Amino acid sequence: MTNPTYLKNIEAEKILQLSQLTECREGQIISRTLAQNQFLSITVFAFAKGEELSAHSSAGDAILTILEGKAQIIINGITHHLTAGQTIVMPAQIPHAVTAEEDFKMFLIVVFPQNTL
């Protein structure tokens, strides 16, 4: 009997560096989805300097951790500057935006209420 697999695009039973799962490329935002279902989304992103996600909101609460580099995160009109190792929560239904102050990588987990995806 094989075990079910809930994660994708990542090797099991291997020591990994999350920041190495994606790379920064000039003029691009690159993502690698590790899990996605109606309750949860887990993604690693790489942003080239100057790239951004304009203001938007999500149905779920999001926790963002900077893996490398620096980013500006605006949540409900308040600007935050984060560097490697720092984490911030972006609450559901609250507008937020992300801008790369330099090349940066982030780990994003979004937890959704039932039946929103």
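This passage describes the sheets, the largest pocket and several individual residues of a predicted model.

The strands considered here are arranged in two open sheets. One of them consists of five strands in the order β1-β2-β9-β4-β7, with antiparallel pairing. At its edges stand β1 and β7, the latter spanning residues 87-90, and because each has a single partner strand, one side of each is left without a neighbour in the sheet. From one strand to the next, the twist of this five-stranded sheet averages 20 degrees. In general, the strands of a sheet pair through backbone hydrogen bonds, and the pairing may be parallel or antiparallel. At the β7 edge, the antiparallel strands β4 and β7 are joined by four bridges, and T65 has T87 of β7 as its bridge partner.

The other sheet is built from four strands in the order β3-β8-β5-β6, again open and with antiparallel pairing. Its edge strands are β3, residues 52-56, and β6, residues 78-83, each of which pairs on one side only. The twist of the four-stranded sheet averages 20 degrees from one strand to the next. Within this sheet, β5 (residues 70-75) runs antiparallel to β8 (residues 96-100), and five bridges join the two strands; Q72 is matched there with T99 of β8 as its bridge partner. With β6, strand β5 pairs in the antiparallel sense over six bridges, and A71 stands opposite L82 of β6. The strands β5 and β6 also form a hairpin with two residues between them, and in this turn N76 has a positive phi of about 55 degrees.

A positive phi is worth noting in such a position, because most residues other than glycine have a negative phi. Two further residues with this feature are found ahead of the strands. N9, which lies in the segment before β1, has a phi near 60 degrees, a positive value in a residue other than glycine. The relative accessibility of N9 is 41%, and N9 therefore counts as partly exposed. E13 is likewise found in the segment before β1, and its phi, near 55 degrees, is positive although the residue is not glycine. With a relative accessible area of 87%, E13 is exposed, the cut-off for this class being over 50%.

The segment before β1 also holds L16 and T22, whose surroundings can be described in terms of contacts. L16 has a relative accessible area of 33% and is therefore partly exposed. When residues up to four places away in sequence are not counted, L16 touches I10 and E11. The C-alpha atoms of L16 and I66 are separated by 16 Å, the two residues being 50 residues apart along the chain. T22, by contrast, is buried, because its relative accessible area is 9% and the class is set at under 20%. Leaving aside neighbours within four places in sequence, T22 is in contact with I30, V44, F45, A46 and K105.

A second buried threonine is located within the five-stranded sheet. T43 lies in strand β2, which covers residues 40-47, and its relative accessibility of 6% is the reason why T43 counts as buried. Apart from residues up to four places away in sequence, T43 touches S31, R32, T33 and L34, together with M106, F107 and L108.

The largest pocket has a volume of about 220 Å³. Its lining is made up of 17 residues, and those lying nearest the centre of the pocket are F45, H56, S58, L108 and V110. At least two residues of this lining are supplied by each of β1 (29-36), β2, β3, β4 (61-68), β8 and β9 (104-111). Of these strands, β1, β2, β4 and β9 belong to the five-stranded sheet, whereas β3 and β8 belong to the four-stranded sheet. Sorted by class, the lining contains ten nonpolar and seven polar residues, and no charged residues. Among the residues nearest the centre of the pocket, F45 is also a contact of T22, and L108 is also a contact of T43.

Terms used: Residues numbered from 1 in each chain as written. Predicted model: local features only at pLDDT ≥ 70, side-chain atom pairs only at ≥ 80, totals over all residues. Heavy atoms only, no water. Pairing = 2+ DSSP bridges. Axes fitted to C-alpha atoms, helices over the stretch in contact; angles between N-to-C directions. Buried < 20%, exposed > 50% of the residue type's maximum accessible area, 1.4 Å probe, protein only. Contact = heavy atoms within 4.5 Å. 1 Å grid on protein atoms, 1.4 Å probe; cavity = no way out; pocket = protein on both sides within 12 Å on 5 of 7 lines; lining within 4 Å. Points joined across faces, edges and corners; volume = space filled by probe spheres on them. Nonpolar A, V, L, I, M, F, W, Y, C, P; charged D, E, K, R; others polar.
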